Amino acid sequence: MKKKVAFYTLGCKLNFSETSTIARNFQEEGFDRVDFTEKADIYVVNTCSVTENADKRFKTIVKQAQKVNQEAFVVAVGCYAQLKPEELAAVDGVDLVLGATEKFKITDYLNDLSKNDKGEVHSCEINEADFYVGSYAIGDRTRAFLKVQDGCDYKCTYCTIPLARGISRSDRLENVLNNAAEIASKDIKEIVLTGVNIGDYGKGEFGNKKHEHTFFELVQALDQVDGIHRLRISSIEPNLLKNETIDFVAESDAFVPHFHIPLQSGSDKVLKLMRRRYLTNLYQERIHKIKSVMPHACIGVDVIVGFPGETDEDFLETYHFLNDLDISYLHVFTYSERDNTVAAEMNGVVPKKVRSKRSKMLRGLSAKKRRAFYESQLGTERTVLFEGENKAGYIHGFTENYIKVKAPWNPALVNQLHQVVLESIDDDGLVRFEFVEQKETA
């Protein structure tokens with residue numbers, strides 16, 4: 001009988017792409033992959049450490065696996081496993097903890113699947129995480145996450161990612177293009193580029209710090225790959241998003257007008273405390289540049305509230321800065337102290353109630369921004385890629401500029417691209433439309 005393995009992924013798109021690669025390795029070794037809710041011999045949890053909630057969720061997920069099969073072998077990999085391997089190993093039910101370099105060789109550590117009293121740890125020193133493993137994930141039949149870069153050389157004071165993933169390094173351009181072509185051959189219509197700091201692409205491509213290729217060259221090369229209908233750039237640092245890339249995306253048939261650009265704070269004082277590599281004037285310039293060549297572009301923003309030293313005045317500066325910017329939505333993160341970061345030792349700790357209040361205010365602003373962006377696009381013609389899930393009798397999809405639409409469930413639409421005219425916003429905030437070709441009202 002073949003052994004069965006199941007996977008659970010916490011965190012970012014990059015984690016999802018790496019889980020997919022690890023799963024394919026298992027299948028090549030003769031394992032059957034099953035859903036995490038099914039009985040398996042091995043459960044692999046790919047962890048995240050960006051927020052304290054991700055840490056807490058890990059224990060819940062291990063318990064879920066044990067409920068299905070008390071005797072199953074439980075493996076923890078990923079960022080949290082690199083940062084706090086002993087802590088994870090002590091969680092009841094965990095048998096094996098693998099760090100940043102070991103996670104891609106899981107099957108080498110599975111000679112004996114008998115349960116352990118305490119988890120066994122194999123975790124390198126993070127400075128040994130200097131090689132690159134390419135990966136991509138097929139989340140559903142419509143889009144794939146393609147990893148192009150890993151690690152980060154930035155030293156933001158709140159962030160544990162360099163400790164969890166090591167130095168900035170990139171996939172070889174040839175490998176990225178081969179993976180993209182492979183994805184396209186599976187009739188997947190959209191590729192999302194992912195990494196820790198994708199604008200830094202090219203660094204470490206051949207095992208050194210020299211930039212062999214740039215992010216702009218990567219974008220140009222991917223634009224030439226046959227069979228890819230859509231390419232979407234995931235989060236990119238404002239200082240690394242150059243005008244040449246913005247201009248290229250504006251003219252490209254494949255790259256879509258959607259950018260996600262971390263800000264973190266609209267206060268220059270706080271940005272300096274965070275050791276970010278830009279100030280608000282550069283950020284503002286990037287937004288204005290995008291909107292000047294792509295007025296219909298969707299722009300998402302990451303922002304952290306409650307960072308040590310953030311006063312009420314600093315927060316209001318952030319609020320007004322964002323309110324005045326022509327952006328489309330926010331991802332709001334409430335600051336949480338992380339071990340071994342500079343920020344965790346800083347003065348001016350913001351009370352958790354205040355952090356929560358500020359977070360609520362920005363989430364409200366995000367809803368307002370998204371609504372205004374959607375309203376600005378009503379009456380325009382867009383292309384929708386429909387997704388594969390029947391959600392309470394509706395099919396959902398996204399336009400190229402990331403507007404979420406809905407229509408009555410129709411399986412014939414799954415993984416199809418259709419021209420539509422955006423008509424109205426429903427009570428749930430999603431957009432209704434009319435097909436251009438068929439003139440059918442949705």
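Is Thr-142 buried or exposed, and what is its relative accessible area? Thr-142 is buried, with a relative accessible area of 1%. The legends below start there, and they describe a predicted model.

**View 1. Thr-142 sits in a loop and is buried.** The loop runs between β7 (136-138) and β8 (143-147). Beyond residues up to four places away in sequence, Thr-142 touches Ile-188, Lys-189 and Glu-190. It also touches Leu-385, Phe-386, Glu-387 and Asn-415. One of these partners, Asn-415, reappears in View 2.

**View 2. Asn-415 and Ala-392 each have a positive phi.** Most residues other than glycine have a negative phi. Phi of Asn-415 is near 60°. Phi of Ala-392 is near 55°. Both values belong to residues other than glycine. Asn-415 lies in the loop between β18 (404-408) and β19 (417-425). Ala-392 lies in the loop between β16 (381-386) and β17 (394-399). Their surroundings can be read from accessibility. Asn-415 counts as buried, at 2% relative accessibility. Ala-392 counts as exposed, at 77%.

**View 3. Helix α7 is largely enclosed by the rest of the structure.** The helix covers residues 215-222. Six of its eight residues are buried, so the rest of the structure largely encloses it. The buried residues are Phe-215, Phe-216, Leu-218, Val-219, Ala-221 and Leu-222. What do they pack against? Two of the partners are helices, α6 (173-185) and α8 (243-251). The others are β11 (190-194) and β12 (230-233).

**View 4. Leu-193 in strand β11 is buried.** Its relative accessible area is 0%. Neighbours within four places in sequence are left aside here. Leu-193 is then in contact with Leu-146, Val-148, Ile-198 and Leu-222. Arg-232, Ile-233, Ser-234 and Phe-255 are also in contact with Leu-193. Leu-222 is one of the buried residues of α7 shown in View 3. For scale, take Gly-309, which is 116 residues from Leu-193 along the chain. The C-alpha atoms of Leu-193 and Gly-309 are separated by 34 Å.

**View 5. Val-256 is a buried loop residue.** The loop lies between α8 and β13 (258-260). Val-256 counts as buried at 5% relative accessibility. Which residues does Val-256 contact, leaving aside its neighbours within four places in sequence? They are Arg-230, Leu-231, Arg-232, Val-249 and Glu-400. Arg-232 is also a contact of Leu-193 in View 4. His-229 is 27 residues from Val-256 in sequence. Their C-alpha atoms are 9.6 Å apart.

**View 6. Tyr-8 and Phe-36 are one of the aromatic pairs.** The structure holds 17 aromatic pairs. Tyr-8 and Phe-36 form an edge-to-face pair, with 5.2 Å centre to centre and 70° between the planes. The pair links distant parts of the chain, 28 residues apart. Tyr-8 lies in strand β1 (residues 4-9). Phe-36 lies in the loop between β2 (32-33) and β3 (42-47). Tyr-8 is partly exposed, with a relative accessible area of 22%. Phe-36 is buried, with a relative accessible area of 9%.

**View 7. Tyr-158 and Phe-307 form an edge-to-face pair.** Their ring centres are 6.2 Å apart. Their planes meet at 85°, so the pair counts as edge-to-face. Tyr-158 lies in the loop between β9 (149-150) and α5 (161-165). Phe-307 lies in the loop between β14 (298-305) and α11 (312-324). The pair therefore ties together parts that are 149 residues apart in sequence. Both residues, Tyr-158 and Phe-307, are buried.

**View 8. Phe-7, Phe-26 and Phe-31 form a cluster.** Ring pairs link these residues.

**View 9. The whole protein, for orientation.** Its secondary structure comes to twelve helices and 20 strands. The radius of gyration is 22 Å, close to the 22 Å that the globule rule gives for 442 residues, so the protein is as compact as a globular protein of that length. The C-alpha atoms fill a box of roughly 60 × 55 × 45 Å, taken along the principal axes. Buried residues make up 55% of the 442 residues.

Notes. Residues numbered from 1 in each chain as written. Predicted model: local features only at pLDDT ≥ 70, side-chain atom pairs only at ≥ 80, totals over all residues. Heavy atoms only, no water. Buried < 20%, exposed > 50% of the residue type's maximum accessible area, 1.4 Å probe, protein only. Helix = DSSP H or I, 4+ residues; strand = E, 2+ residues; numbered from the N terminus. Contact = heavy atoms within 4.5 Å. Rg over C-alpha atoms; globule rule 2.2 N^0.38 Å. Phe/Tyr/Trp six-rings, centres within 6.5 Å; stacked < 30°, edge-to-face > 60°.
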